[in-house]
Amino acid sequence: MYDVVIIGAGPAGLSAGIYACRGGLKVAIIENKSVGGQAQTAADIQNYPGIKSTSGFDLCYAMMNQCIEFGAEFVFDSIASVSLVGETKTIGLASGNVVEAKNVIIASGANARKLGVPNESKFIGKGVSYCATCDGAFFKGKTVAVIGGGNTAAEDALYLEKLAKKVYMVHRRDALRADDILVKRLEKSGVEIVWNSVVENLDGEDKITQLTLKNIKTDTLTTISVDGVFVAIGQTPNSQGFENVSLSSGGYIITDKNMHTNIDGVYAVGDVREKSLRQVVTACADGAIAANAIVNGI
Ligand code: NAP
């Protein structure tokens, strides 16, 4: 029986692990992929206070080592079932093992949102990618398009510009959502922004060769030749499967200021939680607050 089981080993889960272990609790962290979550794929994090520039991988790897040093146990397995109601929380794993805990911290993060256009699934790995830092190297000297107008799309476009021959950034409005600093860097870059446009179709035989775009102001269709398309249009929270946990209309888990969900002993932290700012620093803060609430019985 653990004092706390943390579901997800991104920055939020790892931070919760560090604080819970230091608070003297017996902690298990369950992860079904690799440590670091979405942050692990960030090539260059420049807004984590005190660190001028680091890769998401290095930052998360350091957090994982801190967790291990303080005594957290890592369980690499997928979750098959979760029972959160009652004093003992039970988590069934794909391996058949069962983990029991007095408290659960849900730190399951979010996944990249899909465009939802024809051929998208067919071209995954054949031109369509949801992670520029993972797949950018395959497009050295080629032409790519980044879809989206937020911070991820802006960072992806700037990152890909260092590798690709030509980078388009396709955005559905006439203004970017990305932070000003990134907008200024884009303005100085060679990235060509295609405004007021959405992807209508992905064309090609075995691989993507062309993107069909629709200008939403004029309804005009245009095509651009591309070798790759990087989709960066936000995220979908991994909040499914947590029965009885209250969700917002967007599917994010609702918590109070101590990260408590509506269920006793169940907390949610990081990108899966309804909040105004999803960053590594806020994920870490969430994790610390949840662990502290458990340690101190708040
Ligand atoms: P986001 O901020 O939600 O931006 C998503 C972008 O995709 C928006 O521009 C949105 O357009 C567009 N979009 C959404 N659905 C679309 C669709 N179906 N078709 C076409 N375009 C669509 O997502 P994000 O950029 O992934 O960022 C997620 C969070 O992580 C944010 O809080 C962000 O600040 C944070 N983040 C921070 C950093 C950093 O600080 N270094 C880096 C990356 C991410 P509209 O603008 O019209 O809504």
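**Figure 1. Strands S8 and S15 run parallel in this predicted model.** Two bridges join S8 to S15, which covers residues 228–231. One pairing can be picked out by residue: Ser129 has Phe230 in S15 as its bridge partner. Both strands belong to an open sheet of five strands. The strand order is S8-S15-S9-S10-S11, and the pairing is parallel. S8 (128–129) and S11 (192–194) stand at the edges. Each edge strand has a single partner, so one side of each is left without a neighbour in the sheet.

**Figure 2. Strands S4 and S5 form a hairpin.** S4 takes in residues 79–83, and S5 takes in residues 89–93. The two pair in the antiparallel sense over four bridges. Ile79 stands opposite Leu93 in S5. Ser83 has Thr90 in S5 as its bridge partner. Five residues lie between the two strands. Gly86 sits in this turn, with a positive phi of about 100 degrees. How much of S5 is covered? Four of its five residues are buried, and the strand is mostly covered.

**Figure 3. Strand S5 also pairs with strand S6.** S6 covers residues 98–106. The sense is antiparallel, and four bridges link S5 and S6. Ile91 stands opposite Val99 in S6. S5 and S6 make a hairpin with four residues between the strands. In this hairpin, Gly96 takes a positive phi near 100 degrees.

**Figure 4. The ligand has a shell of 17 residues around it.** Which residues come nearest? They are Asn47, Glu155, Arg173, Arg177 and Gln279. By type, the shell divides into two nonpolar, nine polar and six charged residues. Oxygen atoms of the ligand take part in several polar contacts. A ligand oxygen is 2.8 Å from an N or O atom in the side chain of Asn151. A polar side-chain atom of Arg172 lies 3.0 Å from an oxygen atom of the ligand. At Arg278 the backbone is involved: one of its polar backbone atoms is 3.2 Å from a ligand oxygen. Taken alone, the ligand exposes 910 Å². The protein buries 78% of that area.

**Figure 5. His171 is a buried loop residue.** The loop runs between strand S10 (166–170) and helix H5 (180–188). His171 has a relative accessible area of 6%, under the 20% limit, so the residue counts as buried. The side chain of His171 reaches the backbone oxygen of Ala175 at 2.8 Å. Which residues does His171 touch, leaving aside its neighbours within four places in sequence? The contacts are Gly148, Gly149, Leu176, Val194, Trp195, Asn196 and Ser197. Val194 belongs to the edge strand S11 (192–194).

**Figure 6. Met64 lies in helix H2.** The helix spans residues 56–70. Is Met64 buried or exposed? Its relative accessibility is 14%, below the 20% cut-off, so Met64 counts as buried. Neighbours within four places in sequence are left aside here. Met64 is then in contact with Leu14, Val35 and Phe74. Ile181 is 117 residues away from Met64 along the chain. In space, the C-alpha atoms of Met64 and Ile181 are separated by 30 Å.

**Figure 7. Asn119 and Asp219 each have a positive phi without being glycine.** Most residues other than glycine have a negative phi. The phi of Asn119 is about 75 degrees. Asn119 lies in the loop between strand S7 (110–112) and S8. Its relative accessible area is 29%, between the 20% and 50% limits, so Asn119 is partly exposed. The phi of Asp219 is about 65 degrees. Where does Asp219 lie? Its place is the loop between strand S13 (208–215) and strand S14 (221–225). Asp219 has a relative accessible area of 52%, over the 50% limit, so this residue is exposed.

Technical notes
Residues are numbered from 1 along each chain as its sequence is written. This is a predicted model: local features need pLDDT of at least 70, side-chain atom pairs count only at pLDDT 80 or more; totals for chains, interfaces and linings use all residues. Side-chain values use heavy atoms; hydrogens and water are left out. Two strands pair if DSSP finds at least two bridges between them. A residue is near a molecule or strand if one of its heavy atoms lies within 4 Å of it. A polar contact is a pair of N or O atoms within 3.5 Å; within protein, one must be able to donate a hydrogen and the other to accept it, and residues adjacent in sequence count only if both atoms are side-chain atoms. Accessible areas come from the Shrake-Rupley method with a 1.4 Å probe; for residues, only the protein chains shown count as cover. Ala, Val, Leu, Ile, Met, Phe, Trp, Tyr, Cys and Pro count as nonpolar, Asp, Glu, Lys and Arg as charged, and the others, Gly among them, as polar. Buried means under 20% relative accessible area, exposed over 50%, partly exposed in between (1.4 Å probe, protein chains only). Contact means heavy atoms within 4.5 Å.
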